[in-house]
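Biologist: Could you show me the model and take me through the reasoning behind its labels? I would like to hear what stands behind each term.

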Amino acid sequence: MKLLVAVFIAVALEGSIAEKMRFDNHTLYRFTPNNKDLIDTLSNLEASGDPGYNFFSPIRGQNVPVDLLVAPDRVQEFKTLLEQSNVQSELLVPDIQKLIDNENVKSDRLSGSFDWRQYHTLDEINDWLRGLSDTYPEHVTIVDGGVSYEGRDIIGVKISYSPNNHRHTVFIEANIHAREWITSAVATFVINQLLGNDDPEIRHLAESYDWYIFPVFNPDGFAYSHTTNRLWRKTRQPYSVLCVGADPNRNWPYQWMQGGASNNPCSETYAGPSPLSEPSTLSLSSFINSLGFQIEAYISFHSYSQMLLLPYGHTTDHLDNYEELMIIGEQAIVDLEKRYGTQYVVGNIAETIYVATGGSMDWVKHEYEVPLTYTYELRDTGEYGFLLPAEQILPTALETMDSLVSIFKSYEILHPRGQNLVLESKEQVQKDDECCVGIGGLE
Ligand SMILES: *[C@@H]1O[C@H](CO)[C@@H](O)[C@H](O)[C@H]1NC(C)=O
Ligand SMILES: [Zn+2]
């Protein structure tokens, strides 16, 4: 028996390093647990780290739907479990491998270029960011968010058109969850718009704020989702022989482990052994500390489910400037919907999706009283889930950009900034020429 276990572990480790995992005939179901026993069974299953079950959404409690990917050799067991509780399931995706195969564009013509018609690897994204600082040395600086557990650079860009904007800092993070590829695609799109779109509303945004944008907050997990397991969510710091990684969005030091997070290393929502146990969250938190109260907006991109979420995750109470964030958020989802009809829901995390603690946004909100704080759950609502086809990158990015414009427009109406807007727009005219050379083409 011991030998068997050893062999199994060796095979599992080997597999995780050497080859891309396949999910042939793995089926995605949506169902709504209706009793405590079923919830407990599911929670145990989730915490066991059994690779036959992959929870696309955390178990949120009774009467809240769960999206669960089931391996073909577990379907019978799964169906029996639901039948015992008289729970119906909806089949969302019959064979997830087909979606993985069809997700990205694989064309030689596109390789080597950077655009929003395909998903890119970490190296491609980082090379593109570094290239921007060469192309726009006056406005773009590479910022160093530290080094991940496996030694990867965590880099972002600072975009600044005026030395007077530092009190109006906007921070954007994406891909803290590795498999949510649409999020870094949207973050890089936002960067491109801020640098290259001459639409007056976007120029105003770009030039009235200092922007810090980190497209990939979890580089180890993201790289692993490209090389080995497309459905990887967590970091890559090992915690037990078979279970690797903590959930970096349950690892921040505000209300840590106060609900909606697990203390089991095999769980997808493992909060880590202590707050900031992950080198990436630790170093990014010190980077965020260096900006501190200058941060006027903190935006976090996740997928999927089309929601615009506000703090906090530990309580449904309407804390801080909840009312204002709701007013701004409601307008933002109306403006987001205008382009393609994509419908979002807005609300506090705990009341809109589930109790979840240790998230980055909640920590930043609480620590620095940041006025504008939103977490996006981008497209879609489950048809493709994390495997959103590359042809949806541009529409997703464009509608998201519309909502960002809306958020800041509403915010500035509620909090007029005063005189320096005029000065800034003068500077903008001067710099218009140099700003747009060699970029753009995309709306
Ligand atoms: C997936 O299921 C189909 C239909 O049952 C079967 O023909 C096929 O061999 C399966 N694929 C794999 C890789 O198991
Ligand atoms: Zn996420």
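Modeller: Happy to. Please keep in mind that this is a predicted model. The chain has 14 helices and 12 strands, and buried residues make up 59% of its 443 residues.

Biologist: Let's start with the metal. What makes the arrangement around the zinc ion (ligand 2) irregular?

Modeller: The protein donors are His177 (ND1), Glu180 (OE), Glu180 (OE) and His302 (ND1), at 2.1 to 2.4 Å from the zinc ion (ligand 2). A tetrahedral label needs all angles between 85 and 135 degrees. Here the four donor atoms subtend angles of 57 to 149 degrees, so the arrangement counts as irregular. Water is not among the atoms, so a site may look incomplete.

Biologist: Which spacing do these donors follow along the chain?

Modeller: The spacing is H-x2-E-x121-H. Of the donor residues, histidine 177 and glutamate 180 are both buried.

Biologist: Why is glutamate 377 called buried?

Modeller: The cut-off for buried is under 20% relative accessible area. Glutamate 377 has 9% relative accessibility, so it counts as buried. This residue lies in strand β12 (residues 372-378), and an unreviewed UniProt entry lists Glu377 for "active site". Leaving aside neighbours within four places in sequence, its contacts include His302, Ser303 and Tyr304.

Biologist: And proline 395, why does that one count as buried?

Modeller: Its relative accessibility is 18%, and the cut-off is under 20%, so proline 395 counts as buried too. Proline 395 sits in helix α13 (residues 393-414). With neighbours within four places set aside, it is in contact with Tyr340 and Arg379. Tyrosine 340 is 55 residues away in sequence, yet the two C-alpha atoms are 7.8 Å apart.

Biologist: Two asparagines caught my eye. Why is asparagine 86 exposed, and why is asparagine 25 partly exposed?

Modeller: Exposed means over 50%. Asparagine 86 has a relative accessible area of 64%, so it is exposed. Asparagine 25, at 47% relative accessibility, falls between 20% and 50% and therefore counts as partly exposed. Asparagine 86 has a positive phi of about 60 degrees although it is not a glycine, and phi of asparagine 25 is near 60 degrees. Asparagine 86 is in the loop between α3 (75-84) and β4 (89-93), asparagine 25 in the loop between α1 (2-18) and β1 (27-31).

Biologist: What makes tryptophan 116 and phenylalanine 189 an edge-to-face pair?

Modeller: A search of the whole structure finds 29 aromatic pairs. In this one, the ring centres of tryptophan 116 and phenylalanine 189 are 5.9 Å apart, with 85 degrees between the planes. Pairing needs centres within 6.5 Å, and edge-to-face needs planes over 60 degrees apart, so both conditions are met. The pair links distant parts of the chain, 73 residues apart: tryptophan 116 in the loop between α4 (96-103) and α5 (122-135), phenylalanine 189 in helix α6 (residues 181-196). Both residues are buried.

Biologist: How do you know that the peptide bond from serine 303 to tyrosine 304 is cis?

Modeller: Its omega is near 0 degrees. Tyrosine 304 lies in the loop between β9 (295-303) and β10 (307-310). A cis peptide bond also joins proline 311 and tyrosine 312, with omega about 5 degrees.

Notes. Residues are numbered from 1 along each chain as its sequence is written. Chains are lettered from A and ligands numbered from 1 in the order in which they are written. This is a predicted model: local features need pLDDT of at least 70, side-chain atom pairs count only at pLDDT 80 or more; totals for chains, interfaces and linings use all residues. Side-chain values use heavy atoms; hydrogens and water are left out. Rings of Phe, Tyr and Trp (its six-membered ring) pair if their centres lie within 6.5 Å; planes under 30 degrees apart count as stacked, over 60 as edge-to-face and the rest as tilted. Helices (H or I, at least four residues) and strands (E, at least two) are DSSP runs, numbered from the N terminus. Buried means under 20% relative accessible area, exposed over 50%, partly exposed in between (1.4 Å probe, protein chains only). Donors are N, O and S atoms within 2.8 Å of the metal (3.2 Å for Na, K and Ca); water is not among the atoms, so sites may look incomplete. Four donors count as tetrahedral if all angles lie between 85 and 135 degrees; four count as square planar and six as octahedral if opposite donors are over 155 degrees apart and all others between 65 and 115; anything else is irregular. UniProt positions are given in the numbering used here, feature names are shortened, and annotations may be inferred rather than shown by experiment. Contact means heavy atoms within 4.5 Å.
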